[in-house]
Amino acid sequence: MVIVDRLLEELLFDPTNDHLIFTGNMISQGPNSTDVVDFARKYSASCVRGNNEDRVLVMRHNMIEAQTLTDTSSDQYLDGQSTEQAKNERDLARALSDEQSEWLDACPVILNVGQIPTMGQVAVVHGGLIPGVDLNHQDPYSVMNMLTIDLDTHMPSPERDGMMWTKVSSLMTFCTM
């Protein structure tokens, strides 16, 4: 995290006046996921839950419930095969401390920042928002996974084929909470 600390220095980041907001994908995207969580916690950053955090946290909760968080004997699927991603996510679910996991669990899917001068109403999400739907009625899965939106149905999609939701949002007004 030395590189990130140097970047914050170059940006003249002042933790007494500035606030970091992470937009998801803090974990399972690189080799130091737990360090990224600690970094965010060190700076009292806000964060929204992204699809990667959600997947690992759901897996961790399921492993705790099944009492397999520390027991690696059941890591293989029934056919004896395990994808590399699933293995990495299980390893990460185990590597997270209870405090790190609780911090990630507390990250909302939508962070309603509120009114910001010159920007208006600001909400932070990892994936996207369905235009015309109040923030408190957005589908959490879509908010974490949306990449595109169908212009005819306004249905969100995690696929890359289609209209990027950010282009649609500039054409439509979002409702707020």
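**A walk through the chain, with a stop at helix α3**

Take the contacts in the protein chain between residues at least 6 apart in sequence: 57% of them join residues at least 24 apart, where contact means heavy atoms within 4.5 Å. Before going further, note that this is a predicted model, in which local features need pLDDT of at least 70 and side-chain atom pairs count only at pLDDT 80 or more, while totals for chains, interfaces and linings use all residues. Residues are numbered from 1 along each chain as its sequence is written, and side-chain values use heavy atoms, with hydrogens and water left out.

Now for the overall layout. The protein chain has 7 helices and 7 strands, taken as DSSP runs (H or I of at least four residues for helices, E of at least two for strands) and numbered from the N terminus. Going along the sequence, the pattern reads α-β-α-β-α-α-α-β-β-α-β-β-β-α. Of the 177 residues in the protein chain, 37% are buried. Here buried means under 20% relative accessible area, exposed means over 50%, and partly exposed is in between, using a 1.4 Å probe and protein chains only.

Two loop residues are worth a look on the way in. L12 sits in the loop between α1 (2–10) and β1 (21–22), and its phi is positive, about 60°, although L12 is not a glycine. With 69% relative accessibility, L12 counts as exposed. S44 belongs to the loop between α2 (33–42) and β2 (46–47). This residue is not a glycine either, yet S44 has a positive phi of about 50°. S44 is exposed too, at a relative accessible area of 52%.

On to helix α3, residues 51–65. Its 15 residues, at 1.5 Å a residue, should span 21 Å, and the end C-alpha atoms are indeed 21 Å apart, so the two agree. The expected span is 1.5 Å times one less than the number of residues. Just after α3 comes Q67, with a positive phi near 60°.

Which residues of α3 are buried? They are N51, N52, E53, V56, L57, M59, R60 and M63. An α-helix has 3.6 residues a turn, so residues three or four places apart point the same way. The cover over the buried residues of α3 includes α4 (84–95), α5 (98–105) and α6 (140–145).

How does α3 sit against α5? Two packed helices are described by the angle between their axes and the distance between the axes. For α3 and α5, the axes come within 11 Å and cross at roughly 125°. That makes α3 oblique to α5, since angles under 35 degrees count as roughly parallel, over 145 as roughly antiparallel, 65 to 115 as roughly perpendicular and the rest as oblique. The residues that meet are E53, L57, R60 and H61 in α3 and D98, S101, L104 and D105 in α5. By class, this contact of α3 with α5 has 2 nonpolar, 2 polar and 4 charged residues, with Asp, Glu, Lys and Arg counted as charged, Ala, Val, Leu, Ile, Met, Phe, Trp, Tyr, Cys and Pro as nonpolar, and the others, Gly among them, as polar.

R60 of helix α3 deserves a closer look. At 2% relative accessibility, R60 counts as buried. Leaving aside residues up to four places away in sequence, R60 touches L69, A93, R94, L96, S97, D98 and S101.

Last stop: M163, in strand β7 (residues 163–164). M163 counts as partly exposed because its relative accessibility is 33%. The C-alpha atoms of M163 and T148 are separated by 5.1 Å, with the two residues 15 apart along the chain.

Notes:
Axes fitted to C-alpha atoms, helices over the stretch in contact; angles between N-to-C directions.
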